[in-house]
Amino acid sequence: ECDRRQNMKQRTPPDRQPAILPRPFALNFFRNAIRFFYINPRVKRKLDCDRKKLPPQFVLLCNHPSGLGNLYAVDWLLPEHKLNFISNRYYFFKTALGRMLRKVGCIPKSLFTGDIESVKNCLRIAKAGGNIGIMADVRLSMYGQTEDVPDTTARFLKKLGLPVVVMHFDGSYMTKPKWAKDIRKGMILANCYELFDSASLAAATDEEVTSKMREALYYDDFEWIKKHPEITFKSKKMAEGLENILYKCPHCGKEFCLKSKKDRFFCTSCGYEVRLNPRYTFLPQRGFPLYFENLRDWFKAQKAEIALAITDSDFCLSSPVLLKKRSKDGKTFLREAGRGTCTLSHGGLVYEGSADGENIRLEFKSSELYALSYLTGKGFQHFSGTDYFCFMPDEPLLSIKFYIAAELLGKMHGAKG
């Protein structure tokens, strides 16, 4: 009977097994790996926090400028406070990685969709005395500014009933933007403090919790760096990867013609060129005008253009796509499952094509589509419960338009995160 249970456990994917408190050996190994691979001596980092004043058990809310935040939070708060971080279920698809993440306490979550299994795991960890870590704005920022903190988070915090602690990062985005190919030489500043004790959390309304939480987590690295003229971020690949978020040339208006090399960002159609300096400011080149001071303003101009486009009831984005799904053997993250067409409109996101040898139609309503997850420069992803779908357009950079439009349509039609 014992062998049978063990075999069943081994066959159950790591993300479908109950979450556990961090295992000390695995956590120490993970912390050393973080320090070796991600704590770059070129990056100065400073945490303003009196760990002894933190409550013995809490929920940690972090803003999410880059993928370094949760790693640094784990390293900074050990050994006094161990964390069970809520993590993208995608990372559990590779069995070996998923097992390791489970042992260090990660709680799998299907992004941008209801996930009862994840909620139950959080309640289990809270009952066992664990601390839960949440990247409150869920997704990595594209442009160095808070995108959104779902208002459903307040209800979840009140259900847990634990004190709420905030860790706020500045400079994290500029150290490792989502689109960038490397970690820059720079600085990350963080402060950590208690936002609510259990009593004040229970007494506050959902709206009050949401308002205070959004205020505490708000960041804008472009405004922050203006207050710190002494700080720079240096890289030999400063602009490389920018075309994964900035797709439209402001000079000629053509899309998907922008390229990057070292600190240069240029249009292959009209020759427009800027350079990205160590303070993330664009410098015009060869007599061309400067349309945007920084990438935040450029990105938000693209977003505003799509916001205007979706006011048309006939708005539609469509592309041939490769469909990928979760790997069956767990040796890789994904596998090719079929080909078809993805269409995004006011009706929602629709895929029509093949999947595992059958013709299918998938439909996700805009009122239920809070956001898509962006696979940088490659495609976009969506969870439906624990089911996962990755769509990779024939023009990969079209993915960023799907990402922007899906978020705006979701808000227009009342989708909840």
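In which strand is His-168 found? His-168 belongs to strand β6, residues 164–170, strands being DSSP runs of E of at least two residues and helices runs of H or I of at least four, numbered from the N terminus.

The model is predicted: local features need pLDDT of at least 70 and side-chain atom pairs count only at pLDDT 80 or more, while totals for chains, interfaces and linings use all residues. Residues are numbered from 1 along each chain as its sequence is written, and side-chain values use heavy atoms, with hydrogens and water left out.

His-168 counts as buried because its relative accessibility is 9%, the cut-off being under 20% relative accessible area with a 1.4 Å probe and protein chains only. Two computed distances involving His-168 are tabulated.

| Pair | Distance |
|---|---|
| C-alpha of His-168 and C-alpha of Leu-61 | 8.3 Å |
| Side-chain polar atom of His-168 and backbone oxygen of Tyr-218 | 2.7 Å |

Along the chain, His-168 and Leu-61 are 107 residues apart.

The largest nonpolar core (buried Ala, Val, Leu, Ile, Met, Phe, Trp, Tyr and Cys residues joined through side-chain atoms within 4.5 Å) has 60 residues. Leu-242, Leu-295, Leu-349 and Phe-391 have the most contacts inside this core. Helix α12, residues 399–412, gives the most to this core, with eight residues. A second, separate core has 34 residues, including Trp-76 and Val-165.

Leu-295 is also one of the buried residues of helix α11, as are Trp-298 and Phe-299. Helix α11 covers residues 295–309. At its N-terminal end, Asn-294 acts as a cap, with a side-chain oxygen 3.1 Å from the backbone nitrogen of Arg-296.

Technical notes:
Buried means under 20% relative accessible area, exposed over 50%, partly exposed in between (1.4 Å probe, protein chains only). The expected span of a helix is 1.5 Å times one less than its number of residues. A polar contact is a pair of N or O atoms within 3.5 Å; within protein, one must be able to donate a hydrogen and the other to accept it, and residues adjacent in sequence count only if both atoms are side-chain atoms.
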